[in-house]
Amino acid sequence: MSGSGANTAACGIGPLLVPADTTEDVRIRAAGVLARIAVLPVGSFEQHGPFLPLATDTLVACAVAREIAAAYPVHLLPPVTVSCSHEHAAWPGTVSISSVTLHAVVRDIAESLRRSGIERLVLVNGHGGNYVLGHVVQESAARGERMALFPAPEDWETARERAGVRTSLLTDMHAGEIETSILLHAHPEVVRPGYESADFTADDRRHLLTTGMSAYTESGVIGRPSLGSAEKGKALLASLAESFGAYAALLTEESEGSEEPVERP
């Protein structure tokens, strides 16, 4: 598979967070592709310390989705920008919706896509607190639908190792090395001074769901943002785009009884 150039102007370049495609762009990209895949970035609007924006998770999800769209002929959707950030409610600016609402929004989007002939949907999740997205995918599989949640922890771990990220996934929980690196690469204009001296770790967070983030960090940071760099951010995104190939192959496998092969990456 090869991506469409139209996607490179979408989902997170400069101030543009929504795809710039026309309906004709979508039609052309789908031509000759037997299994059409839509990609939905899901972010959040929550505190990320004093140096990263509230929209960090949305920007990260869009950066990942953009890398995917540059390599595969996917139908790139605008991001879901408000999700389940209840653990961050102690900080000003954080906005959440219920898990029931997020579940319904994703289900409605998937149903709308199916009506237009796109039966495969990948949720690119930028916020770890969106646990309900896993349930959406599980339930879709039980109904015989094709959906995936990306990236998995294994994809992040592979990307972390390849990019030379020093912080473990356990320690790098929020506004740390990974998120700071991706934004330094994709959106350096939104990273404010202060990340260089904001490191704070709290590996034992067993009561997080009960107490929220404020019981573990005063600044809102859990991780080592001082280790972030644009070079690491670029390598992280490149690795994730490569990892997506396995998802594309799985989602575009031949349907049972189909006589025609499905294009693979």
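# Rings, a buried helix, pockets and cavities

Ring pairs link Tyr72, Phe150, Phe244 and Tyr247 into a cluster. That is where I want to start. A word of caution before going on: this is a predicted model.

Let me put the cluster in context. Searching the whole structure turns up five aromatic pairs. I will take two of them. Phe51 and Tyr195 make a tilted pair, with 6.4 Å centre to centre and 50 degrees between the planes. Phe51 sits in the loop between strand S1 (37-42) and H2, while Tyr195 sits in the loop between H6 and H7, so this pair ties together parts that are 144 residues apart in sequence. Are these two residues buried or exposed? Phe51 has 0% relative accessibility, so it counts as buried. Tyr195 is at 16% relative accessibility; the cut-off for buried is under 20%, so Tyr195 counts as buried as well.

Now the second pair, Phe150 and Phe244. This one is edge-to-face, at 5.4 Å centre to centre and 80 degrees between the planes. Phe150 belongs to strand S4 and Phe244 to helix H8, so the pair ties together parts 94 residues apart in sequence. Both Phe150 and Phe244 are buried. Both also belong to the cluster I opened with.

Next, helix H6, residues 177-186. Why call H6 largely enclosed by the rest of the structure? Because nine of its ten residues are buried. Here are the nine: Glu177, Ile178, Glu179, Thr180, Ser181, Ile182, Leu183, Leu184 and Ala186. What do they pack against? Three helices: H2 (56-71), H5 (153-163) and H8 (230-251). Note that H8 is also the helix that holds Phe244.

One of those H6 residues, Glu179, brings me to His48. His48 is in the loop between S1 and H2. Its relative accessible area is 0%, so His48 is buried. Two polar partners are worth a look. The His48 side chain reaches the backbone oxygen of Glu46 at 3.0 Å. The side chains of His48 and Asp57 are joined by a polar contact of 3.1 Å. Leave aside the neighbours within four places in sequence, and His48 is in contact with Pro53, Leu54, Thr56, Asp57, His174, Ala175 and Glu179.

On to the pockets. The largest pocket has a volume of about 1000 Å³. Its lining runs to 35 residues. Which of them lie nearest the centre? Asn125, His127, Gly128, Gly129 and Met173. Several elements share the wall. H2, helix H4 (132-142), strand S4 (146-150), H5, H6 and helix H7 (208-211) each supply at least two lining residues. H6 gives the most, with three. So much for location; what about chemistry? By class, this lining has 17 nonpolar, twelve polar and six charged residues.

The second largest pocket has a volume of about 160 Å³. Look for His48 and Phe51 again, since both are in this lining. With them are Gln47, Gly49, Pro50, Leu52, Pro53, Leu54, Trp91, Pro92, Val190 and Arg192. The class split here is eight nonpolar, three polar and one charged.

Last topic: the cavities. How many are there of 30 Å³ or more? The count comes to two.

The largest cavity holds about 70 Å³ of space. Val26, Arg29, Ala30, Val33, Arg36, Ile37, Pro73, Val74, His75 and Ile118 line it. Helix H1, residues 23-30, provides the largest share of that lining, three residues. By class, the lining of the largest cavity divides into seven nonpolar, one polar and two charged.

The second largest cavity is about 40 Å³ in volume. Its lining is Ala110, Leu113, Arg114, Ile118, Glu119, Arg120, Leu121, Glu145, Arg146 and Met147. Helix H3 (99-115), strand S3 (120-125) and S4 each supply at least two of these residues. H3 gives the most, with three. The classes are five nonpolar, no polar and five charged. Ile118 lines this cavity, and Ile118 also lines the largest one.

To wrap up, three things to look at on the screen. Find H6, with nine of its ten residues buried. Find His48, with its 3.1 Å polar contact to Asp57. Then find the ring cluster of Tyr72, Phe150, Phe244 and Tyr247.

Terms used:
Residues numbered from 1 in each chain as written. Heavy atoms only, no water. Buried < 20%, exposed > 50% of the residue type's maximum accessible area, 1.4 Å probe, protein only. Helix = DSSP H or I, 4+ residues; strand = E, 2+ residues; numbered from the N terminus. Contact = heavy atoms within 4.5 Å. 1 Å grid on protein atoms, 1.4 Å probe; cavity = no way out; pocket = protein on both sides within 12 Å on 5 of 7 lines; lining within 4 Å. Points joined across faces, edges and corners; volume = space filled by probe spheres on them. Nonpolar A, V, L, I, M, F, W, Y, C, P; charged D, E, K, R; others polar. Phe/Tyr/Trp six-rings, centres within 6.5 Å; stacked < 30°, edge-to-face > 60°. Polar contact = N/O pair within 3.5 Å; in protein donor to acceptor, adjacent residues only side chain to side chain.
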